[in-house]
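Me: I would like to learn how to read aromatic pairs, strand pairing and nonpolar cores in a protein model. Could we go through them one at a time, with the general idea before the case at hand?

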Amino acid sequence: MNAHEIDYEIYGEEMQYVEIELDPQEAVVAEAGSFMMMDTDIQMDTIFGDGSNQDSGVLGKLFSAGKRLLTGESLFMTAFLNISQDKKQVSFASPYPGKIVPIDLSEKGGKFICQKDAFLCAAKGVSVGIEFSKRLGRGLFGGEGFIMQKLEGDGLAFVHAGGTLAKKELAPGEVLKVDTGCIVGFSHTVDYNIEFVGGIKNTIFGGEGLFFATLRGPGTVYIQSLPFSRLAGRVLAAIPRGGKDKGEGSILGGLGDIVMGDNRF
């Protein structure tokens, strides 16, 4: 099944959303929670898996949906179908500050590998599956485990990157070393492995983790400057313990809040 040919436009800078234009009977599938708005006469339907094998029978649908559980995603996705005779728009928003990246799978050899929570939406017909790692080191220390997501087909898919996006074109044999959490995705021609940082001082005092990813070309690599795990870690570290404010920015701490007019108790 060939993917539907959709048109799109991306709006915004730090908090982006993508508006997808659907011709009559065209559809797009999306992860739960990414929907923003849509025109009338667009039919929303919850489906098993990604909708790429809806003609394969009950077992095929269950197998497609079951694979998503291994990546930590829901059994279901949402399909948005234009049932009118005119062009209609549906929009999907990024979950946190960053960039939405359009991936034309027909230009990527029909396959693209991405981290498990990067996928946002895609033209119906694009298969959203799992990519198993065959290397023990990558599976144990890669941050994403043995499994990453793979997008297959010949249509458009959209992934989300946190912070600022870096796009690298690797020549054959060229190697890029990256923090494991900063990888958004890469072409299926890129070889991905895990390498030990090395050195006692780096291991004990470096603060950057014990491993980083090595990406060997040829192919395209997308890197994010702000992985969600890093953002969440900073937020958790800033949460006051025991309900007490840290009093950051003032030597008076809580007394300073009272003096300055913040009288929360």
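Reply: Let us start with F35, remembering throughout that this is a predicted model. At 36% relative accessibility, F35 counts as partly exposed, because the value falls between the 20% limit for buried and the 50% limit for exposed.

Me: How many aromatic pairs does a search of the whole structure find, and what describes such a pair?

Reply: A pair of aromatic rings is described by the distance of the centres and the angle of the planes. The search of the whole structure finds 6 aromatic pairs. In one of them, the ring centres of F35 and F80 lie 5.4 Å apart with the planes at 15°, so this pair is stacked. The two residues come from distant parts of the chain, since F35 belongs to strand β4 (residues 35-38) and F80 to strand β6 (residues 76-82), 45 residues apart.

Me: Is F80 buried or exposed?

Reply: F80 is buried, with a relative accessible area of 1%, whereas its partner F35 is partly exposed at 36%. F35 and F80 also belong, together with F92, to one aromatic cluster.

Me: How should I read the pairing of strands, and what is the bridge partner of F35 in β7?

Reply: Strands of a sheet pair through backbone hydrogen bonds, either parallel or antiparallel. Here β4 and strand β7 (residues 88-93) pair in the antiparallel sense over 3 bridges, and the bridge partner of F35 in β7 is F92. Both strands are part of an open sheet of 4 strands, in the order β1-β2-β7-β4 and with antiparallel pairing. Its edge strands are β1 (7-11) and β4, each of which pairs on one side only. Neighbouring strands of this sheet are turned against each other by 20° on average, direction ignored.

Me: Which aromatic pair does F186 form, and what are its distance and angle?

Reply: F186 and Y192 form a tilted pair, at 5.5 Å centre to centre and with 55° between the planes. Both members are buried, F186 with a relative accessible area of 3% and Y192 with 4%.

Me: Where does F186 stand among the strands?

Reply: F186 lies in β16, opposite I113, and F186 also stands opposite V221 in β19. These positions fit the strand pairing, in which strand β9 (residues 111-114) and β16 pair in the antiparallel sense over 3 bridges, while β16 and strand β19 (residues 219-224) likewise pair in the antiparallel sense over 3 bridges. Strand β16 (residues 183-187) is mostly covered, with 5 of its 5 residues buried.

Me: Which residues have the most contacts inside the largest nonpolar core?

Reply: The largest nonpolar core has 37 residues, and those with the most contacts inside it are I20, F92, C121, L151 and F158. Leaving aside neighbours within four places in sequence, C121 is in contact with V18, I20, V28, V29, A30, F92, A157 and F158. A second, separate core of 14 residues includes I113, L170, I183 and L215.

Me: What can be said of the protein chain as a whole, in terms of helices and strands, burial and contacts?

Reply: The protein chain has 5 helices and 19 strands, and 41% of its 265 residues count as buried. Among contacts between residues at least 6 apart in sequence, 75% join residues at least 24 apart. The chain exposes about 14200 Å², of which carbon and sulfur atoms supply 56%.

Notes
Residues numbered from 1 in each chain as written. Predicted model: local features only at pLDDT ≥ 70, side-chain atom pairs only at ≥ 80, totals over all residues. Heavy atoms only, no water. Phe/Tyr/Trp six-rings, centres within 6.5 Å; stacked < 30°, edge-to-face > 60°. Buried < 20%, exposed > 50% of the residue type's maximum accessible area, 1.4 Å probe, protein only. Contact = heavy atoms within 4.5 Å. Areas by Shrake-Rupley, 256 points an atom, 1.4 Å probe, with all protein chains shown as cover. Pairing = 2+ DSSP bridges. Axes fitted to C-alpha atoms, helices over the stretch in contact; angles between N-to-C directions. Core = buried A, V, L, I, M, F, W, Y, C linked by side-chain atoms within 4.5 Å.
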